[in-house]
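Here is a short, friendly tour of a few local features. Have the coordinates open as you read.

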Amino acid sequence: MKLPLLKDREFDREWIITASRSSGAGGQNVNKVNTRIELRFSIPQSTLLSEREKQLLLSRLAHRLVRDGELIITAQSERTQLKNKNEAIARFYALLQRALQPVKKRVPTRPTKASRLRRLETKRQQAEKKNRRREN
């Protein structure tokens with residue numbers, strides 16, 4: 001199943017971006033400039049996502065969601081608000097893309113003949129080593 005490009009959809013109408021003072025080192029800049037960006041996106045209220053996509057996101061991102069299925073992404077590593085905003089948006093798209101990626105079904109395989117022989121050989125060597133220790 002080919003996923004439609006997430007960046008083609010206009011999510012900017014559905015998320016809420018707020019700025020606040022960043023934490024950590026940075027001197028006066030941190031104390032007076034609102035560079036920390038918080039991007040909030042409500043999955044259940046989205047009109048751009050299908051019901052199937054919403055269910056996938058709610059189950060796969062459950063550990064990242066807060067009340068009522070709201071996803072919060074914060075960015076504060078850069079010194080400017082614009083760079084942090086771009087970083088938050090990029091992380092949002094990457095997170096959604098990863099969560100909506102179909103899970104590959106595992107194809108069960110069997111050990112090769114060579115790997116079975118290697119395992120048995122190391123087992124035999126280990127047993128010989130233990131026997132030699134016992135004799136001494």
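## Helix 2 and its two sides

In this predicted model, helix 2 covers residues 51–60, and its buried residues are Glu53, Lys54, Leu56 and Leu57. Viewed along the helix axis, these buried residues fall within an arc of 165 degrees, so they line one face of helix 2.

What lies over that buried side? The cover of the buried residues of helix 2 includes strand 3 (65–66) and helix 3 (81–100). On the face turned away from the buried side, you will find the exposed residues Glu51, Arg52 and Ser59.

## Lysine 32 in helix 1

Now turn to helix 1, which spans residues 28–32 and holds lysine 32. Is lysine 32 buried or exposed? Its relative accessible area is 57%, and exposed means over 50%, so lysine 32 counts as exposed.

For a distance you can check yourself, pick the C-alpha atoms of lysine 32 and serine 20: they are separated by 9.8 Å, while the two residues sit 12 residues apart along the chain.

## Aspartate 68 in a loop

Where is aspartate 68? It belongs to the loop that runs between strand 3 and strand 4 (70–75). Its backbone is worth a look: phi of aspartate 68 is near 55 degrees, a positive value in a residue other than glycine.

Aspartate 68 has a relative accessible area of 63%. With the exposed class set at over 50%, aspartate 68 is therefore exposed.

Definitions and conventions: Residues are numbered from 1 along each chain as its sequence is written. This is a predicted model: local features need pLDDT of at least 70, side-chain atom pairs count only at pLDDT 80 or more; totals for chains, interfaces and linings use all residues. Side-chain values use heavy atoms; hydrogens and water are left out. Buried means under 20% relative accessible area, exposed over 50%, partly exposed in between (1.4 Å probe, protein chains only). Helices (H or I, at least four residues) and strands (E, at least two) are DSSP runs, numbered from the N terminus. The arc is that of the directions from the helix axis to the C-beta atoms. Contact means heavy atoms within 4.5 Å.
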